[in-house]
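Thanks for asking me to look this one over. My notes are below, as numbered points to read alongside the model.

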Amino acid sequence: MDPPGVGLSGAGMRSDRELVVVARFETVAEAAVVQALLAAHGIDVCPDDTAPVGLVWPIAHLLGKVPLRVAAGDAAEATALVEAYRRGELAVGDEEPPPG
């Protein structure tokens, strides 16, 4: 596995790996949040479609939203993390801090 933490440019993603779309997002910002989540779990993301959409955000709807692509071997884990994120199971700061 490649080291985690690939930036939004997709630098570090090997071009010989089969990529699959694991999720699509309305905004580049939300795609970046999920990319960081996946990177924290050691999954590289290749968001190669974010640059033009980020510059002209209304195009996101015309292009079918902002896709995040991962290596086929990481797709199952990435999909599970995206689904948990969408269900709110990975929310941070919703609960009160423990007393003490």
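1. What percentage of the 100 residues of the protein count as buried? The share is 35%. Please keep in mind throughout that this is a predicted model.

2. On the overall layout, the protein has four helices and two strands. Their order along the sequence is β-α-α-α-β-α. If we take contacts between residues at least 6 apart in sequence, 79% of them join residues at least 24 apart.

3. For the surface, the accessible area of the protein is about 6,100 Å². Carbon and sulfur atoms account for 59% of that area.

4. Now to the interior. The largest nonpolar core has 16 residues, and those with the most contacts inside it are Phe25, Val34, Leu38, Ile43, Leu68, Val70 and Ala78. Two or more residues of this core come from each of strand S1 (19–25), helix H1 (28–40), strand S2 (66–71) and helix H4 (75–86).

5. Val34 is a good residue to click on. Setting aside residues up to four places away in sequence, Val34 touches Phe25, Leu68, Val82 and Tyr85.

6. Val20 lies in strand S1. Why is Val20 classed as partly exposed? Its relative accessible area is 23%, and buried would require a value under 20%.

7. Val20 also has partners far along the chain: Arg69 is 49 residues away in sequence, yet the two C-alpha atoms are 5.1 Å apart in space. Beyond its neighbours within four places in sequence, Val20 is in contact with Leu68, Arg69, Val70, Ala71, Ala72 and Ala75.

Conventions: Residues are numbered from 1 along each chain as its sequence is written. This is a predicted model: local features need pLDDT of at least 70, side-chain atom pairs count only at pLDDT 80 or more; totals for chains, interfaces and linings use all residues. Side-chain values use heavy atoms; hydrogens and water are left out. Buried means under 20% relative accessible area, exposed over 50%, partly exposed in between (1.4 Å probe, protein chains only). Contact means heavy atoms within 4.5 Å. Accessible areas come from the Shrake-Rupley method with a 1.4 Å probe; for residues, only the protein chains shown count as cover. A nonpolar core is a set of buried Ala, Val, Leu, Ile, Met, Phe, Trp, Tyr and Cys residues joined through side-chain atoms within 4.5 Å.
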